[in-house]
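Dear colleague,

I am handing over the structure we spoke about, and I would be glad if you could look through it with the notes below beside you. Please open it first and then read on.

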Amino acid sequence: MTDALTAIDEALDTGVAADDDPLTRELQELALMLRDDAPQATPEFRERMDWRVESGFQRPRGSRRAWWQPLLQPAAALAVTGAVVLVVALAAGGRSGSGRDDSGGSSAGPALAADDSGGGGRGAAEAGGGAGEVSKSASGADQSAITVVPPSGGGFEPGRSDRKIERSVALELEMPVDEMSRVADQVTAVTNRYGGFVLNSSLSTGDDGAGGDFDLRIPSNRLRSAVRDISALADVRTQSQTGRDVTREHVTAKDRLRAARAERRSLLRRLEAATTDEEAEAIRRRLDLVAGEINGLRAQLRDLRLRTDYSVVTVTLAAKDGDSGGAGGGGSFDDALGDAGILLVAVAGWIVRALAVALPLGLLALAGWGLGRVARRRRRESALA
Amino acid sequence: MEAVPLTGTAPTEGFTELYERTFPRVYAYVASLLRDRSAAEDVTAQAFERAYRKRRSYRSGRGSMDAWLFGIARNAALDELRRRKRRAVLEVDPEDTDARAPEDHAELAVRREAVRAALASLDGQERDLIALKFAGGLSNGEIARVLRMSESNVGTRLHRTITKLREACND
């Protein structure tokens, strides 16, 4: 085959079919005939083409394409790709947003809900049968009104109205440094007013920074009013509430205590009826064990009652931004550094977001361009089919 | 890869040389493929204009200038084929400038007719290959560049096609 092709090329170069092999010579003659029979352009067409080449293929004024016209098609393709990606991203974002659960659990039974009139906050319900936590920031809000959500009848103990809830509230208040001492006194006063007590407290207003922490216990049936009054003392920076239903623990402990007491009564009757010393001794040993169990259960119930009768309230006092209470020059520089760091992080975040959008779009556009080229080539080749 | 400096002292100088060298072959190839003289003129003009406007995109590493130009011409011809979706025959037979004896002329004409009839029996891809080789005057390597296949593949197909033509002519 290679010899035949070489012979054909030789014949085309020399213009003569002179191979010794008759078959090859026949191929050479055919090749020469194909070449000689090739169509030729008319002189008129040649003349027109010569003129067009000399003039640099100048187009008449009206027929010239604007520079942006060739970009229309790729721009349209990019726009369509971008629109598709945007729709997909919005749909995915909407789906993940609707699945978010602010309350942390079902809202069953009596719940403590916060209604922030100042900041437009949302209501939060405690979880039934488990821990539920809601955090909300109420910057600039002066007051938080606590409203009670009526029991829904569902939840852990269906129809039970004497549920035991362990509640805790965390408040962060901000105020000017010179008011911190006054606010701290007010927190103590409010606690005492509602029948609670201060478990722990600390307050500092020195050059190293101003701040305070309070660990309060407030009767649960007066929690709402107490938290409202404490929130009114200064600007609430953050507020969070948790609730844990410990009804099952309480019921279990009570049932076990009841059972232990019944066993003790039974053992006492058996002791009276004991006929031998050994039998009496065995019953006494068992009675000791039951007595220990009863004491433990009573302590457990006492602890549960304490945790549910009194709610934990932690109050943190913080100086307002820009009023740290420390040395002015060093504090400003530190603040500036902190602000610069925050700004850099924010800028980096935006760059990453932009790349997260641009890179897939770019890859999609590249893939689309590649596929378009392949499709165009296939369409062209199909013309020969 | 460097761009061919088709721009010289005058903007069209390098391109003019390319045109002078390849115009007859490009026309012959396009006309062989389209089998329609007026369509061949349009497509040939289109091909050279496209090549002129894209002259700065040529890269020597991708192949010879002839292969690059014929690639453009081929695409233009295939676009025309798709548009028309028909196969017209040449309106005018090519001029026969060879002064031969009347007997030779008659025998040659018969032979030519046999070759043309045999060409008509080829499929589109085979005819394209024959046109690139014999009307376009491209080497096997240049044809491989245009058709995006290996040179050995081109050789195999070319041999198969020309053998088929020979047998068709002898039938």
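What follows is an account of what was found, beginning with the place where the two chains meet.

Please keep in mind throughout that this is a predicted model.

**The interface between chain A and chain B**

On the side of chain A, 38 residues are in contact with chain B, and on the other side 55 residues of chain B take part. Together the two chains bury about 4,300 Å², and 63% of that area lies on carbon and sulfur atoms. Within the area that chain A buries against chain B, 17% is supplied by Pro39(A), Arg380(A) and Leu384(A), which is more than any other three residues give.

The interface also holds charged and polar pairs: the rule finds 9 salt bridges across it, and it finds 12 residue pairs in polar contact, both residues being at pLDDT 80 or more. On chain A, the elements that give two or more residues to the side touching chain B are α1 (2-14), α2 (22-36), α3 (43-54) and α9 (328-382). Of what chain A presents to chain B, α2(A) gives the most, with 8 residues. Sorted by class, this side of chain A has 21 nonpolar, 3 polar and 14 charged residues.

One salt bridge that you may wish to find on screen is formed by Asp37(A) and Arg112(B), whose closest N and O atoms are 3.6 Å apart. The pair crosses between the chains, with Asp37(A) in the loop between α2 and α3 of chain A and Arg112(B) in helix α4 (residues 102-120) of chain B. Are these two residues buried or exposed? Asp37(A) counts as buried because its relative accessible area is 12%, and Arg112(B) is likewise buried, with a relative accessible area of 16%.

**The nonpolar cores**

The largest nonpolar core has 47 residues, and those with the most contacts inside it are Met49(A), Phe15(B), Val30(B), Phe48(B) and Leu132(B). The elements that give two or more residues to this core are α3 of chain A together with α1 (13-34), α2 (37-53), α3 (65-84), α5 (124-135), α6 (140-147) and α7 (151-170) of chain B. The largest share of the core comes from α1(B), with 11 residues.

Phe48(B) is a useful residue from which to look around, for, leaving aside its neighbours within four places in sequence, Phe48(B) is in contact with Met49(A) and Phe57(A) of chain A, and with Phe15(B), Tyr19(B), Thr22(B), Phe23(B), Val26(B) and Leu69(B) of chain B. Apart from this core lies another one, of 26 residues, among them Val169(A), Leu171(A), Phe214(A) and Ala226(A).

**Salt bridges in the whole structure**

Over all chains, a search of the whole structure finds 35 salt bridges. One of them joins Asp36(A) to Arg35(A), with the closest N and O atoms 3.6 Å apart. Asp36(A) is partly exposed, its relative accessible area being 46%, and Arg35(A) also counts as partly exposed, at 32% relative accessibility.

In chain B, the side chains of Arg53(B) and Glu49(B) meet in a salt bridge of 3.1 Å, taken from N to O. Both residues lie in helix α2 of chain B, 4 residues apart, about one turn of the helix. Arg53(B) is partly exposed, with a relative accessible area of 40%, whereas Glu49(B) is buried, with a relative accessible area of 12%. Back in chain A, a network of salt bridges links Glu166(A), Arg244(A), Glu249(A), Asp303(A) and Arg307(A).

**Chain B as a whole, and one residue of chain A**

Chain B has 7 helices and 0 strands. Of its 171 residues, 49% are buried. Among the contacts in chain B with a separation of 6 or more, 70% are between residues 24 or more positions apart.

In chain A, Ala11(A) lies in helix α1 and is buried, with a relative accessible area of 1%. Not counting residues up to four places away in sequence, Ala11(A) touches Val16(A), Ala17(A), Gln28(A) and Leu32(A). The C-alpha atoms of Ala11(A) and Gln28(A) are separated by 5.9 Å, although the two residues are 17 residues apart along the chain.

With best wishes

Technical notes
Residues are numbered from 1 along each chain as its sequence is written. Chains are lettered from A and ligands numbered from 1 in the order in which they are written. Side-chain values use heavy atoms; hydrogens and water are left out. Contact means heavy atoms within 4.5 Å. Buried area is the accessible area (1.4 Å probe) that two parts lose on being put together, summed over both. A salt bridge is a side-chain nitrogen of Lys or Arg within 4 Å of a carboxyl oxygen of Asp or Glu. A polar contact is a pair of N or O atoms within 3.5 Å; within protein, one must be able to donate a hydrogen and the other to accept it, and residues adjacent in sequence count only if both atoms are side-chain atoms. Ala, Val, Leu, Ile, Met, Phe, Trp, Tyr, Cys and Pro count as nonpolar, Asp, Glu, Lys and Arg as charged, and the others, Gly among them, as polar. A nonpolar core is a set of buried Ala, Val, Leu, Ile, Met, Phe, Trp, Tyr and Cys residues joined through side-chain atoms within 4.5 Å. Buried means under 20% relative accessible area, exposed over 50%, partly exposed in between (1.4 Å probe, protein chains only).
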